[in-house]
Every structure is written in C-alpha cells, then in structure tokens.
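Me: I am new to reading structures, and I would like a careful look at a single part of this one. Could you take me through one chain and the places where it meets its surroundings?

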Amino acid sequence: MDDEPLFRWSWVVSNWDNDTPNSIVNLLQAHIVMAGVPTVLGLLLAVPLGVACARWRWLYQPTSGLMNAVYALPSIALFMLLLSVTGFSRLTVIIPLTLYAVAVLMPAVVDGLRSVPEHVRQSAVAMGFTPTRRLVRVELPIAVPVVLAGLRVVAVSSISLVSVGALIGQGGLGNYFTDAYQRDFYTPAVVGIALIVLLALVADGIIVGAQRLLTPWVRARRSA
Amino acid sequence: MITFDSVTKRYADGTVAVDQLSLEAPTGEITVFVGPSGCGKTTSLRMINRMIDATEGRVLLDGTDVTTIDPPTLRRGIGYVIQQAGLFPHRKIVDNVATVPYLLGWDRHKARTRAMELLERVGLDTKLAQRYPFQLSGGQQQRVGVARALAADPPVLLMDEPFSAVDPIVRTSLQDELLRLQGELHKTIVFVTHDIDEAIKLGDRVAVLRVGGRLAQLADPKTLLSQPADDFVREFLGRDRGIRRLQFVPAGRVRLADPSAAAGGWRLVTQDGRPRGWRRGDGPLEPYGTFVPGRDSLRTALDAALLTPAGCAVAVDAEGRVVGIATREALDEALAEAADG
Amino acid sequence: MNFLLDFFGDPANWSGAGGIPARLLQHLGFSAAALALSALIGIPLGLLIGHTGRGAFLVVASANVARALPTLGLLVLLVLLLGTASVWPVLIPLVALAVPPILVNTFEGVRGVDPELRDAAYGMGLRGPQVLGKVLVPVALPLILLGLRLAAVQIVATAAVAAYVGLGGLGRYIIDGLATKEYDQVVGGSVLIVLFALATQGLFTIVQRLTVSPGVSQRVRIPR
C-alpha cells in the first residue's frame with residue numbers, strides 16, 4: 001500500500017451512481033433515511049414526554065435517570081441485541097438511534113419549558129389562556145431555541161452513529177469503512193468520512209436556518 | 001488614610017471611568033462614594049485594592065503607593081465586601097469566614113475560633129457556622145460577607161453596594177449593624193452605593209460623583225444637604241432634601257410647652273407619667289408620637305407631630321416619661337430657625 | 001435468552017485468553033488508559049481556556065467536529081495508514097473523540113462560575129492558581145465529572161467498535177461471533193458491554209457524590 005494515494009477520484013466517478021446497492025447515491029440516501037427517521041421520530045416522542053415531565057414534576061427524576069442510562073448504552077451492543085428481533089435491517093439501526101434521540105431531546109424539552117420566565121407564564125394565565133393554549137402559544141415557542149440546540153446534537157451524532165451499522169451491513173455511507181478495511185483501500189474510508197461530515201454540516205445548517213425562521217425574536221434581540 | 005491623587009482610569013476604547021479624582025478617606029471614618037451608574041464609583045473603589053489599576057495618578061494607602069505592593073498581599077490586608085456577598089458555595093460558613101486567616105497561614109483552630117467570634121459579632125447564630133451558603137437567606141449571607149471581610153482584622157474595609165440586593169427592612173438592619181460595628185472597630189471604610197439615603201445615613205463623609213467619573217462634591221452629610229455644590233448634586237439629593245436635612249437638626253432646639261397647651265380641645269392621657277394617647281371630649285383614644293429632645297432630630301419630632309390628629313409631638317425623657325409637648329407653633333419656629341442655617 | 005445461557009454457561013468462555021475475565025480486563029485496561037490520556041489533555045486545556053477566556057472558539061469547534069466524525073471510519077483509516085504494530089492507531093481516535101466532551105464541560109464549568117465569586121476570591125487576596133484550585137475547580141466539579149463520564153462511556157463503546165480493526169476486549173465476542181455466525185457470542189458480548197457501560201456510569205455517579213461539596217450539589221438537609 002506504500003504507493004496507494006489517500007484518495008482516488010476515479011473511484012468516486014465509477015461508484016457515483018453505478019446501479020449497485022453500494023453506489024454513493026444509494027448509500028447517501030440510505031444514510032439520510034437511517035439518521036433522519038430517528039431524529040424526527042425522537043423529536044415527536046420527546047415533546048409529549050417532556051411536556052408531561054414538566055407538568056408532573058415527580059415524573060422527571062425517574063425519567064431523566066432512565067434517559068441517562070439509555071444514553072450510556074453503546075450503539076454497537078444495542079444493534080447486536082436487536083439483531084435477533086429485527087434482523088439485518090435498517091430498523092436495527094433506527095430503533096436505538098431513536099432511543100438516543102429521545103434521551104437527548106426529552107431533557108431539552110423540559111429545560112426549554114422551564115426556561116419560560118415565571119412572569120411570562122403568569123401573565124399568560126392572567127390574560128385567560130387555557131393550559132393547552134398556553135402550552136402551544138406561549139411555552140413551547142419560548143422553549144424552541146433550547147429544543148433545537150438539542151436537535152442539532154441529535155442530528156449530527158445520529159449521522160455519525162449510523163456508520164457503526166456497517167458491522168451488520170446497514171451503515172449507510174459507513175459501509176465504505178468495512179469495504180475499505182476488507183480491501184485495504186483508503187479511498188472509500190476517506191470518501192465515507194468526508195461525506196458523513198459534510199452531511200452533518202448540512203443537517204446542522206438546516207436546523208440553524210429553521211431556528212432563525214421559527215424564532216425571529218432571538219435574532220432581533222441579538223442585533224438590537 | 002486612603003488618598004486619591006489625581007487618579008484617572010481610561011479604558012482601551014477611550015472611555016474615561018474616573019477623571020482626575022483627588023480625595024482623602026480619613027482613617028477610622030466611613031467615606032461613601034455615591035452617584036448614578038457610570039459615575040466610576042465602583043471603579044474608584046476597586047483601584048484601592050488593585051482589582052483595577054489607575055491609568056494616571058496614584059492611590060496611596062497610609063502614604064504608600066498601592067501599585068508598589070503585590071496585589072494578593074495588598075488585598076489580604078484589606079477587607080472586601082460585594083453585592084451578592086460572593087460566598088464560596090462549596091465551603092461551610094465557618095470556612096468561608098476563615099478564608100483570609102487560612103491564606104495568611106493561621107493554624108486551623110485559631111482561624112475557626114476567630115470565625116466563630118466574628119459570626120457572633122455580626123449578629124449571626126453560631127449554629128449557622130456548619131451550614132453552606134445556599135442554606136442562608138440573602139441578609140444572612142451578607143452578614144457572613146462582612147464577617148469574612150473582618151476576619152483577619154484589616155484596618156481598611158471596602159464595601160461595594162453590599163446591601164443593594166436585600167429587601168429594605170433587612171437593609172436597614174444591616175446598616176444599623178454596620179454603624180454599631182464601626183462604633184466598636186473604627187475601621188477605615190470606603191462604601192459604594194447608588195442610594196443617597198444610604199450614603200447620608202452611613203457616611204462620615206460623602207463623595208458625590210457624576211457620570212464620567214468626576215467628583216461633584218465631597219462633604220459631610222449635613223453640609224451636603226444644606227449647601228449642595230451645584231445643580232447636579234441638588235438634583236441627585238432629590239426634592240425632599242430639606243426634610244432629610246432636618247435629621248441633622250437636634251430636636252433640643254424645639255420650645256416645649258405644658259401638655260395642656262394643645263390646641264383644638266385635645267387632651268394628653270397619661271399613666272404613671274407615660275403617654276397613652278390623645279382624647280377630645282368623650283371620643284376614642286387617638287395615637288400619639290414621641291421624641292427625646294436631647295437625642296432625636298427635628299425630623300423625628302416633626303414625624304411624631306404629623307402622626308397624630310392632635311398635631312403635637314410628645315417630648316419624653318429616656319425612660320419614656322412625658323416632659324412636655326411640642327406644639328405646631330413651636331415646630332414652625334424650629335423649622336424657620338433651621339431654614340436660616 | 002437461550003443465547004445468553006449458551007454463552008454464559010459455556011465454561012470455555014470463562015478461562016484463557018478468550019475468556020470473559022481476560023477480555024474484561026483488556027477492555028478495562030484499554031478504556032482506563034484512553035480516559036486517563038484524554039483527561040490529561042482535556043482537563044488542563046479546559047481549565048486554562050475557561051480561566052483565561054482565551055481560545056474559547058477552539059473548544060466549540062472541536063466539540064462540533066468530534067460529534068460529526070464517524071468513529072469506525074477514523075479507526076479504519078488510521079489502522080490502514082499506520083498498521084497494527086502498535087496500539088496508537090486505535091488509541092489516537094479514541095482519545096481524539098473523548099477529549100472534546102471533557103474539554104467542553106471543563107471549559108463550561110469554569111466559565112460558568114459566578115463572576116462575583118471570582119471577584120470575591122481575587123478581592124480577598126487569592127492568587128491566580130489559588131483561585132483556580134480553591135474556588136473554580138470545586139465549583140465546576142460537577143461539570144468536569146460530567147465531561148469525564150460522557151468521555152468514559154464513549155470510550156467504552158468505541159473500544160468495542162475497535163474490535164473490528166483488531167483490538168482485544170469485549171468487542172471481540174461481537175466481531176468474531178458475527179464472522180462465525182455464533183450469535184450466542186454476539187449477544188453475550190453485547191450484554192457484557194452494556195453492563196460495563198452502565199457500571200462505568202454508576203462509578204461516576206458514586207465519584208460525584210463523594211467528591212462534589214454538598215454546598216455545590218445542594219444535596220444537604222438543613223441541620224436542626
């Protein structure tokens with residue numbers, strides 16, 4: 001391997017869209033699905049859970065303890081334990097990543113809701129908001145920046161974690177890592193790392209953009 | 001004595017926080033720096049213990065330029081109290097108070113004994129010694145802050161808005177406590193506040209600073225109230241400056257009359273020589289107000305008169321026995337006299 | 001369940017170089033070495049940056065990059081580049097990914113200390129290193145320990161993944177089991193890795209309780 005360059009452009013060209021399951025386009029697509037589904041699903045699950053924990057305080061301690069433990073579970077172990085249930089399918093990767101997403105986002109939702117200043121809550125009550133309306137119109141919007149900060153972490157780390165799935169053949173772009181190792185060939189590893197980092201940057205950028213659109217007041221305050 | 005000798009603090013961006021400040025804070029007295037925000041009062045204070053260094057001029061501590069002393073050494077000899085007390089959350093109260101003695105290398109037992117002594121001195125239950133700061137109220141924390149500043153018995157005490165974050169009732173009691181302590185300890189204190197009432201209450205001398213860090217006036221409170229140097233000081237002292245000034249006019253000047261001199265048919269009801277209330281005809285007993293002529297100010301006497309429907313203040317001796325009354329006319333005379341100077 | 005009985009019931013799995021005790025020790029030794037190295041880099045750097053306020057952008061950047069970098073890709077690339085003659089090709093990515101959480105949390109912990117507290121400490125005549133050691137570190141300790149815990153859990157997981165590129169330890173059961181289709185090995189190894197990660201998490205919780213002042217954790221009842 002002494003003369004082998006780190007990167008061969010010809011490999012990219014011939015693998016770009018070559019009608020095999022392992023073409024760059026196909027793996028990129030698979031990667032986006034396996035990282036995107038847990039991120040979105042995690043958010044959808046974390047919001048009601050977080051709202052419940054913010055409302056019934058006694059729920060918070062045990063739930064956050066559980067989330068802490070879930071977050072500590074190594075992804076490789078979870079993938080393997082799920083193998084006997086879901087087999088070598090995308091689900092085996094998507095389910096654990098969804099769990100991680102909830103583990104990060106649920107506390108973020110609770111923190112976000114707790115960041116609503118008491119005087120804001122009180123004035124919403126005084127103006128006659130019902131609890132549900134208050135939640136949807138006042139408290140959740142104020143919680144958005146904290147939740148989106150959590151979502152950035154989730155999206156980026158999901159994108160990077162998907163690649164571990166390569167060990168069971170479901171790693172999206174991570175499949176290039178096992179490919180590179182088995183063939184003693186740098187280029188797929190370099191391309192895989194580069195595309196995954198790029199994908200993470202793009203996802204991060206999209207969420208930052210969404211945050212600007214959703215919370216115009218944050219930026220207005222900063223520029224003032 | 002602390003001397004400011006043409007001290008200027010200019011920041012890199014060109015802002016001047018303190019401009020050519022020259023004044024003296026005499027030994028054993030409380031000198032208060034007061035002024036609106038941006039007047040450089042805190043900056044001036046912090047130049048004494050070198051938390052900030054002056055750009056020009058010198059700050060002298062008993063004749064020694066502070067910039068010739070290594071900051072940590074300098075600071076260990078100067079007590080420092082700040083707004084939120086700044087207690088170390090990870091240390092028990094007793095160890096917080098003993099911070100500087102530990103730094104100075106006192107042995108543990110001596111430092112802790114001293115700390116316990118100081119807790120008592122600032123009016124805290126020594127049971128609090130084993131607690132952590134978060135377990136104390138704001139007022140209690142502030143007392144610990146004062147005890148901590150006093151721990152190594154420094155001759156100089158710097159206090160930067162120490163009572164601003166507590167509620168008015170606690171603030172008053174902390175102020176009274178400080179005056180009581182100062183009566184015993186005679187420290188050289190520099191005290192920063194934005195509250196003119198606090199300045200007048202605590203200061204032996206009050207330095208009023210204007211925005212941009214220039215000294216507007218340096219005087220004792222009485223002179224400040226009667227002869228403000230300019231419109232800025234007059235405005236800063238506020239519209240009730242005249243009433244405040246009365247607290248420096250002794251009530252002993254008020255001409256006293258016999259209780260029977262009360263106008264409007266009011267009769268002073270007494271028991272064992274002590275006042276019980278005012279009554280007119282068969283009406284109910286109405287409240288009364290008292291002052292001690294040799295001790296209280298004209299302001300107290302005026303207050304005492306305004307609090308009762310009879311319009312007279314009851315003069316009592318130190319034991320609370322009636323010695324006479326101050327009628328409205330007598331108070332008017334005293335006010336006119338005070339206005340003349 | 002059968003997998004577990006097969007795996008843990010097999011006496012061959014309890015002795016020798018491939019036995020559970022030996023692999024557990026391998027995993028432990030490698031993880032401890034990586035954590036120590038990461039702490040040696042991350043804690044002083046975080047303290048320095050947090051205390052002086054210089055270089056804060058480095059911290060944020062390193063955290064983002066570390067989250068996006070795929071561990072498996074990094075491991076494969078370094079092993080391909082450097083060979084497997086020494087442990088460094090495996091140790092470097094482990095440390096590179098574990099330093100950022102330590103660095104970020106140490107930095108945040110020190111920076112988050114109330115400025116009044118810092119002011120009081122200097123005002124009483126503590127010198128720079130004393131302010132750091134006697135005030136900033138004890139107050140920031142919960143976050144410093146959080147950083148160490150996140151790093152430790154991450155190292156334990158990554159060390160398992162590193163079995164793919166030839167590292168010993170508990171990950172071997174998974175990689176070897178997948179290769180030979182002995183799923184009792186895969187499941188047994190996964191369970192061991194999960195237990196190991198949870199034990200690591202638990203250990204840090206205990207250390208936290210023992211070392212963080214009750215005045216900081218506010219975990220003390222008012223004595224009567």
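Reply: What follows is a close look at chain A, with its partner chain and then a short word on the remaining chain.

Please keep in mind from the start that this is a predicted model. Chain A is built from helices, for its secondary structure comes to 10 helices and 0 strands, and if you follow the chain from the N terminus you meet one α element after another, in the order α-α-α-α-α-α-α-α-α-α. Taken along the principal axes, the C-alpha atoms of chain A fill a box of roughly 75 × 45 × 30 Å. Of the 224 residues in this chain, 40% count as buried. When you consider the contacts in chain A with a separation of 6 or more, 71% of them are accounted for by residues 24 or more positions apart.

Within this chain, helix α5 of chain A deserves a slower look. It covers residues 91–114, which makes 24 residues, and it reaches 34 Å from its first C-alpha to its last, close to the 34 Å expected at 1.5 Å a residue. Is this helix largely enclosed or largely open? Because 18 of the 24 residues of α5(A) are buried, the helix is largely enclosed by the rest of the structure; here a residue counts as buried if 20 or more other C-beta atoms lie within 10 Å of its own.

We can now turn outward, to the neighbours of chain A. Of the 2 pairs of chains in contact, it is chains A and C that share the most contacts, and in this pair 29 residues of chain C are in contact with 32 residues of chain A. On the side of chain C that touches chain A, the elements giving two or more residues are α3 (56–68), α4 (71–82), α7 (128–161), α8 (171–180) and α9 (183–211) of chain C. The most is given by α9(C), with 9 residues, and the residues of this side of chain C divide into 24 nonpolar, 4 polar and 1 charged.

With chain B the picture is another one, since chain A and chain B do not touch, and their nearest C-alpha atoms are 20 Å apart. Chain B itself is divided into domain 1 (2–248) and domain 2 (251–340), whose centres, taken over C-alpha atoms, are separated by 39 Å. Between these parts of chain B, 4 residues of domain 1 are in contact with 5 residues of domain 2, and the domain 1 side of that meeting divides into 3 nonpolar, 1 polar and no charged residues.

How values were computed:
Residues are numbered from 1 along each chain as its sequence is written. Chains are lettered from A and ligands numbered from 1 in the order in which they are written. This is a predicted model: local features need pLDDT of at least 70, side-chain atom pairs count only at pLDDT 80 or more; totals for chains, interfaces and linings use all residues. Two residues are in contact if their C-beta atoms, placed from the backbone, lie within 7 Å. Helices (H or I, at least four residues) and strands (E, at least two) are DSSP runs, numbered from the N terminus. A residue is buried if 20 or more other C-beta atoms lie within 10 Å of its own, exposed if 12 or fewer, and partly exposed in between; C-beta atoms are placed from the backbone. The expected span of a helix is 1.5 Å times one less than its number of residues. Ala, Val, Leu, Ile, Met, Phe, Trp, Tyr, Cys and Pro count as nonpolar, Asp, Glu, Lys and Arg as charged, and the others, Gly among them, as polar. Domain bounds come from an automatic or database domain assignment.
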